[in-house]
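Work through the exercises below with the model in view. Try each task before you read its solution.

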Amino acid sequence: MNDTMTVGLIGLGKLGSAIGRLTAEAGHRILVADRPDDPVFGLVLESVLPEARAVPLAELLQEADVVVLAVPQPALAGLDLTAARGIVVDATNAWEYTDGPDSEHRMDADVWAARAPGVRVVKSLNHAAYAELLADAREHGAAGRRALAVVGSDDDAVARASAYVDSLGFDPVPGPSAAAPLLEPDGPDSEHRMDADVWAARAPGVRVVKSLNHAAYAELLADAREHGAAGRRALAVVGSDDDAVARASAYVDSLGFDPVPGPSAAAPLLEPDGPVFGVRLDADGMRAALAEGLEADSAR
């Protein structure tokens, strides 16, 4: 590609790794904020993103044209971004299940203006799950290409971030910073909770079960094991129709996973902000996680 950028990633979890993978495939130069106190960080970086170079945060902020924030929101409180030379793309969300009830909410332009004066922050890449980013990226001009919103108060920053999002494989849709809440997990442009009640209204009489959505596609391929294998990964199978859950459980078992049945009320626990999303658990661990999640929900 012609417009090669230097992209700095802060965070190398599932979201950061996915964005990094797309960034590498787009031909950009990648820097990752080093974590010298983490003895396994270098091994993780070499494994998931060998094209990247780990550098101190200060160096990343000085060199990067685009800085991508892909960390849990509580970690933002300790980040000093005032030295950022380029634009900052905030891909974070407030997840109470993983970050706790005190996680920062609505990191919009006004919040960032107070926290990091002069830094040009754009909100994007936060309203699609990491596995969807990897699966849905398409070449520019491809039919049915997925769109991602790019919102902020600085037109030039939005334009630069839009070019970056386009290079990753998505149609950027610019918008004002006031649109940032629409991209949050409870906003209309985030993924919706298609639970049993929603399906009952949408498709009366159809027996719908929720499963296979709380593991990345690469994990499904890597973790499948024969029935009875030690340490076999469990997947939840939740719904309101016992027979449908039993049939779906048999299917999940045939794919290579221990099915753990649950009620339709457990569906939100499998979503990206839920406690079992992306977590490798055996059957006992999954049953415990579902029970704890349902108990926590009922206590609210």
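**Exercise 1: the whole chain**

Task: find what share of the contacts with a separation of 6 or more joins residues 24 or more positions apart.

Solution. Count a contact where heavy atoms lie within 4.5 Å. Take those in the protein chain with a separation of 6 or more; residues 24 or more positions apart account for 65% of them.

Some ground rules apply. This is a predicted model, where local features need pLDDT of at least 70, side-chain atom pairs count only at pLDDT 80 or more, and totals for chains, interfaces and linings use all residues. Residues are numbered from 1 along each chain as its sequence is written, and side-chain values use heavy atoms, without hydrogens and water.

**Exercise 2: the length of α10**

Task: compare the expected span of helix α10 with the distance between its end C-alpha atoms.

Solution. Helices are DSSP runs of H or I with at least four residues, strands are E runs of at least two, and both are numbered from the N terminus. Helix α10 covers residues 242–255, which is 14 residues. The expected span is 1.5 Å times one less than the number of residues. That gives 20 Å, and the end C-alpha atoms are 20 Å apart, so the two agree.

**Exercise 3: the two sides of α10**

Task: which residues of α10 are buried, and what do they pack against?

Solution. Buried means under 20% relative accessible area, exposed over 50%, partly exposed in between (1.4 Å probe, protein chains only). The buried residues are A244, V245, A248, S249 and V252. Seen down the axis of α10, they fall within an arc of 135° (directions from the axis to the C-beta atoms), so they line one face. They pack against β9 (234–238) and β10 (258–262). On the other side, R247 and S254 are exposed.
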